[in-house]
Each structure stands twice: as structure tokens, then as C-alpha cells.
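Visitor: Hello! I'm new to this one. Could you pick a single part, take a close look at it with me, and then show me a little of what else there is to see?

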Amino acid sequence: MSFVSGLVIGVLVGIALIVLFVRSENARSARRSALATTIAAFARMTVEDSKKLLAPEYYPSWVVFSQRQKLNWLNAHLTKIWPYVDEAASELIKANVEPILEQYRPLVLSSLSFSKFTLGTVAPQFTGVSIIEGGDEGITMELEMNWDGNPSIILDIKTRLGVGLPVQVKNIAFTGVFRLIFKPLVPEFPCFGAVSFSLRHKKQMDFTLKVVGGDISAIPGVADALETTIRDAVEDSITWPVRKVIPILPGDYSDLELKPVGTLEVKLVQAQGLTNKDIIGKSDPFAELHIRPLRNRTKTSKVINNDLNPIWNEHFEFVVEDVSTQHLTVKIYDDEGLQAAELLGCAQVQLSQLEPGKVKDVWIKLVKDLDLQRDTKDRGKVHLELLYCPYGVESGFTNPFTSNYTMTSLEKVLKSGDTENGDLGNKKRTVIIRGVLSVTVISAEDLPPTDLLGKADPFVVLTMKKTGMKNSTRVVNENLNPVWNQTFDFVVEDGLHDMLMVEVYDHDTFGKDYMGRCILTLTRVILEGEYKDCFPLDGAKSGKLNLNLKWMPQPIYRDS
């Protein structure tokens with residue numbers, strides 16, 4: 001039975017490779033032979049047959065599926081057909097990747113193209129395979145692949161100074177997981193309408209660059225820029241969620257193509273407890289955020305100088321293309337001026353964990369490397385506010401502005417019509433979220449003692465960060481669980497870019513002692529109108545605040 005399942009997997013992979021043959025005019029005999037083999041394997045196979053062969057639950061319990069046997073079988077056949085794959089796929093890859101290389105061409109170069117591209121004689125080896133449950137509409141297969149190849153890849157580059165160089169890409173070492181999607185399943189040979197393929201996960205991609213007959217380091221900046229360009233090209237051409245869709249049967253498969261499904265609104269609020277990398281003073285942190293690690297899709301925050309607990313309160317918007325598999329990556333660096341920035345820590349958030357239309361406030365621990373399972377060192381944490389807005393269902397969300405406008409981002413840069421002629425889309429209107437924020441300081445719990453007798457005399461100071469407006473509660477003497485029930489109103493001119501600072505102090509005769517604080521953005525209260533919650537005190541060993549926030553909007557509009 002292991003041979004049968006291996007045969008099915010091999011045939012499916014074979015069809016994906018055969019598609020490359022079909023596109024090449026130089027592999028006719030190999031194409032005929034491969035197609036004949038595929039036809040023989042699928043001649044008597046129906047849609048239900050293919051599902052049963054790929055699903056272990058259809059087999060008796062004594063049947064053992066040996067992944068090694070299946071993959072050895074597959075690797076052996078791939079080695080045999082690799083010369084034909086090289087011949088057929090090289091031109092196809094070159095034609096697809098070259099325009100993307102040009103798109104990401106560094107400014108120091110005036111032109112960038114392939115002068116030679118072959119995959120070499122060493123076939124990749126598949127080391128793992130799995131079938132992903134994808135419902136009744138298709139079959140999704142993931143194959144882990146290692147390739148220490150000997151391709152012959154030469155790039156013709158020309159610098160702005162007019163210097164032309166042939167650059168060889170050598171010593172390629174690659175490990176990754178490829179995804180093949182056979183969809184839709186149909187009651188007609190070969191039982192599916194199209195094949196989609198993509199690089200699901202790039203675990204390792206190493207290579208070296210060498211000028212043919214020279215040293216690439218002789219031209220400053222070219223090597224780093226070229227390496228970045230190659231990595232961006234791979235990321236943008238084949239890395240998931242990008243996928244190549246190849247029709248097998250006639251039909252419309254536009255629904256399989258990559259398309260945006262929504263936007264992710266990210267508020268980078270703050271970070272705490274960052275590592276100090278500077279000998280004199282403190283780190284100067286800034287953050288880079290991305291969903292897809294492309295230069296034109298990576299957002300960068302401002303630098304906060306000499307601060308291990310920076311507050312950014314910056315908003316970014318990202319396009320989401322596959323909410324089930326994509327994630328937001330945050331990397332925090334120490335700015336080193338003219339030198340390369342040093343990584344302080346990084347974190348990830350799975351988009352599948354977000355509820356559409358619901359603001360999620362998260363603190364995430366920073367780690368040194370996202371691929372490492374364990375990192376015991378304390379590198380600090382980052383505070384994010386996230387809102388996922390899928391396309392086409394905005395009407396299901398609370399709009400904090402007006403029903404006449406669609407909420408597309410937290411920045412609310414909306415198109416508005418000319419009031420005289422009704423011409424939509426000619427002017428932009430920025431919606432400034434103006435309103436009254438009503439804050440009720442209800443109580444605190446489990447505050448840390450500050451007096452010699454194990455008590456404290458706490459009071460709360462509320463501050464709007466942008467305007468500096470302040471209000472204070474009364475002092476509650478000798479109490480670690482004080483109750484205030486005091487309400488304060490703040491006129492807020494720009495709610496999406498302001499923050500509420502809530503600080504707790506211990507009152508002393510000759511001053512006050514800081515006990516802790518919490519920092520709140522206004523996004524949630526703007527969207528929900530009113531909410532009550534319990535907030536832990538940052539910078540304190542214990543303690544939390546019970547607050548009620550209410551928003552009364554007064555939107556204004558500024559034409560730009």
C-alpha cells in the first residue's frame with residue numbers, strides 16, 4: 001500500500017513538472033513519455049478514488065505508510081527526469097523572474113538581466129511530504145525539499161558609471177517547503193482543473209556572488225544591493241501567498257489567483273524593557289513591520305533616542321492576502337547612525353488569531369530569532385493594537401465616523417466628492433476624530449505597598465499625551481484596594497493619534513512616589529463607543545486599574 005500512495009503522490013508531482021514540459025518546445029519526446037505515464041496512472045481513477053488513495057483513514061489499521069519509501073521512489077524518478085526539467089523549466093523561470101529582478105533593481109545599477117540560466121545536473125531531494133485537508137474542492141500537498149545544486153546562473157549588470165559586469169550566482173543551498181494545490185476536483189481526467197504551486201516556507205536560502213574574472217567587493221554597495229534584490233525577487237515571485245496557477249483543463253480559474261482579501265490596521269504603541277546595546281547611554285530603538293518582507297511593503301517607525309521603554313503610537317496599514325497563513329512580523333532595532341542597525345528582538349502575530357472588525361490589544365515577548373523554539377533571555381516586549389478588516393463586509397463593523405463614508409483604515413483618508421458637481425474621487429478628505437473622552441476611574445486592586453507599614457496613599461493622574469491635559473483623583477489614605485468612582489472629561493482633537501496616560505502615585509507629605517501606569521490608545525473606545533475593563537499596571541510588581549471609557553464623537557473634516 002505504501003507503494004500505491006507513493007505512486008499517487010509521485011503522479012501528482014509529476015503532473016506539476018509535466019506542465020513545465022508542455023511550455024517548452026525542446027522536450028517533446030520527454031513530454032510524450034511523461035504524459036503517457038501519467039495517463040496510464042490516472043486512466044481508471046475517479047475523484048473519489050484519488051481522495052481514498054490520499055487519505056490514510058480509508059486503509060486498515062495494519063497498513064503503515066512509510067514516508068521514506070514514498071520519497072525515495074519520488075526522488076529516484078525526479079533524478080531521472082531532471083535533465084528534461086532543467087531544459088524545460090530554465091527558460092520558464094528566467095522569463096518569469098527577470099521582470100521582477102528589473103522591478104527591484106538597485107539604484108546603483110542601470111540594467112540587470114540574465115545572460116545564462118540553467119538548473120544544473122543535481123536534482124533536489126524531497127525529505128518530507130504531507131497532505132493538507134482542504135475540503136472537497138481540492139487536494140493540497142506540501143513537499144519539503146533540499147537542494148545543494150550546481151546551477152549555472154550569470155547576471156549581466158551595468159552600473160550607473162557605465163561599468164558592465166558578469167556576476168555569477170554560486171554555491172546555492174536551499175531548504176524549503178513547496179505547496180502544490182490540485183483544484184478544483186472534477187469528474188474528468190485528470191480529475192482536477194488546475195495546478196497551483198508556491199514556496200510555502202523558505203527555511204534556508206544561501207548563495208554567493210562572484211564577478212566572473214574579478215572581485216565584486218571592488219565596487220562598494222553592489223554585492224549587498226544585488227543580494228537584497230535576488231531575495232526580494234524570490235519573495236515576490238513564488239513565496240506564499242504568491243502562487244502560479246497553471247490550467248490543466250479549460251475553464252476560468254481566476255478565483256485561484258492571488259488577490260487582497262482585507263487590510264490589517266496596526267498601531268505600534270510602545271515597547272518595554274528593551275536590551276541596551278550602547279556602551280554610553282541607552283539604545284535608540286525603531287521598529288520595522290511587515291506581512292510580506294518586501295521593501296515596498298515594510299513599514300518603519302521613527303527612532304526614539306536613548307530610551308529602553310519607547311512610546312511610538314504610530315499607525316500602519318497592510319494588505320492581507322491570506323488571513324489563514326499570513327502573520328505580522330515586528331523587528332525592533334537599535335539605530336547606529338551610519339552603521340548597520342542592530343537587532344534588539346522580534347515577534348510575530350498570526351492573523352488567524354484576529355477576529356474581523358474587533359480591536360485586539362496585545363503585548364508580545366521579543367525573541368532573538370523567530371525560528372528558535374526557546375529563548376530564555378528577557379529581551380523586552382512590544383505593545384500592539386490590531387484590527388483586521390476583510391473586504392466586502394465593512395457594513396458589519398461599527399463606523400466611528402459617519403455612515404456616509406466607508407471605514408478603510410484607521411487613518412481615514414477618504415475620497416469625497418465635490419459638493420457642487422457631485423464628482424466623486426477628485427478630492428481627498430481627512431477625517432479628524434474629534435470628540436469627548438469620558439474616563440471613570442472606578443478602583444484599583446492589589447497595589448504594591450510603599451509605606452513602612454505595608455500601606456499606600458494612592459491617587460491617579462490622567463494625561464492626554466498630545467495636548468498634555470491632566471486630571472487627578474482624590475487621595476485614598478492607607479489603602480491598597482482604593483475605590484474612587486470619579487469621572488473626568490477630556491476634549492480630544494485627534495482621537496486616532498492621541499493616547500491616555502493613566503499613572504498611579506503614592507501621596508507623601510513632601511511629594512509623591514511613582515507606583516505604575518497604563519497607556520491606552522483610543523481606537524477601541526472610538527469603535528465600540530463605551531467599554532469597561534481591568535488594566536494591569538506597567539512597571540509595578542502588582543496592581544491593576546478598573547476603568548470605564550466612553551466616547552462621544554464630534555467628527556470634523558479637513559480638505560486636502
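**A close look at one strand**

Guide: With pleasure! The accessible surface of the protein chain comes to about 27900 Å², and 51% of it belongs to carbon and sulfur atoms; such areas come from the Shrake-Rupley method with a 1.4 Å probe, and for residues only the protein chains shown count as cover. What you see is a predicted model, in which local features need pLDDT of at least 70 and side-chain atom pairs count only at pLDDT 80 or more, while totals for chains, interfaces and linings use all residues. Residues are numbered from 1 along each chain as its sequence is written, and side-chain values use heavy atoms, with hydrogens and water left out.

The protein chain has 560 residues, and 49% of them count as buried (under 20% relative accessible area, with exposed over 50% and partly exposed in between, using a 1.4 Å probe on protein chains only). Six helices and 26 strands make up its list of elements; these are DSSP runs numbered from the N terminus, H or I with at least four residues for helices and E with at least two for strands.

The part I have picked is strand 4, residues 152-159. Six of its eight residues are buried, so strand 4 is largely enclosed by the rest of the structure. Strand 1 (residues 109-118) runs antiparallel to strand 4, and eight bridges join them; two strands pair if DSSP finds at least two bridges between them. One spot to find is Leu 155 of strand 4, the bridge partner of Phe 114.

Strand 4 also pairs with strand 5 (residues 164-182), again in the antiparallel sense, over six bridges. Here Ile 153 stands opposite Val 169 in strand 5. The hairpin of these two strands has four residues between them, and Gly 162 takes a positive phi near 90° there. As background, strands of a sheet pair through backbone hydrogen bonds, either parallel or antiparallel.

Now for the wider surroundings. Val 195 lies in strand 6 (residues 194-211) and is buried, with a relative accessible area of 1%. Although Val 195 and Leu 256 are 61 residues apart in sequence, their C-alpha atoms are 9.6 Å apart in space.

Another stop is an open sheet of four strands, ordered 11-8-15-14, with antiparallel pairing. Strand 11 (311-320) and strand 14 (360-365) stand at its edges with a single partner strand each, so one side of each is left without a neighbour in the sheet. Strand 14 pairs with strand 15 (residues 381-390) over six antiparallel bridges, and Ile 364 stands opposite Val 382 in strand 15.

Let's finish with the rings. There are eight aromatic pairs, where rings of Phe, Tyr and Trp (its six-membered ring) pair if their centres lie within 6.5 Å, and planes under 30 degrees apart count as stacked, over 60 as edge-to-face and the rest as tilted. Among them, Tyr 505 and Tyr 514 are edge-to-face, at 5.8 Å centre to centre and 70° between the planes. Tyr 505 counts as buried at 11% relative accessibility, whereas Tyr 514 counts as partly exposed at 42%. Ring pairs link both of them with Phe 459 into a cluster. Finally, Lys 512 lies over the face of Tyr 505, at 4.3 Å from the ring centre; the rule asks for NZ of Lys or CZ of Arg within 6 Å of the ring centre and within 35 degrees of the ring normal.
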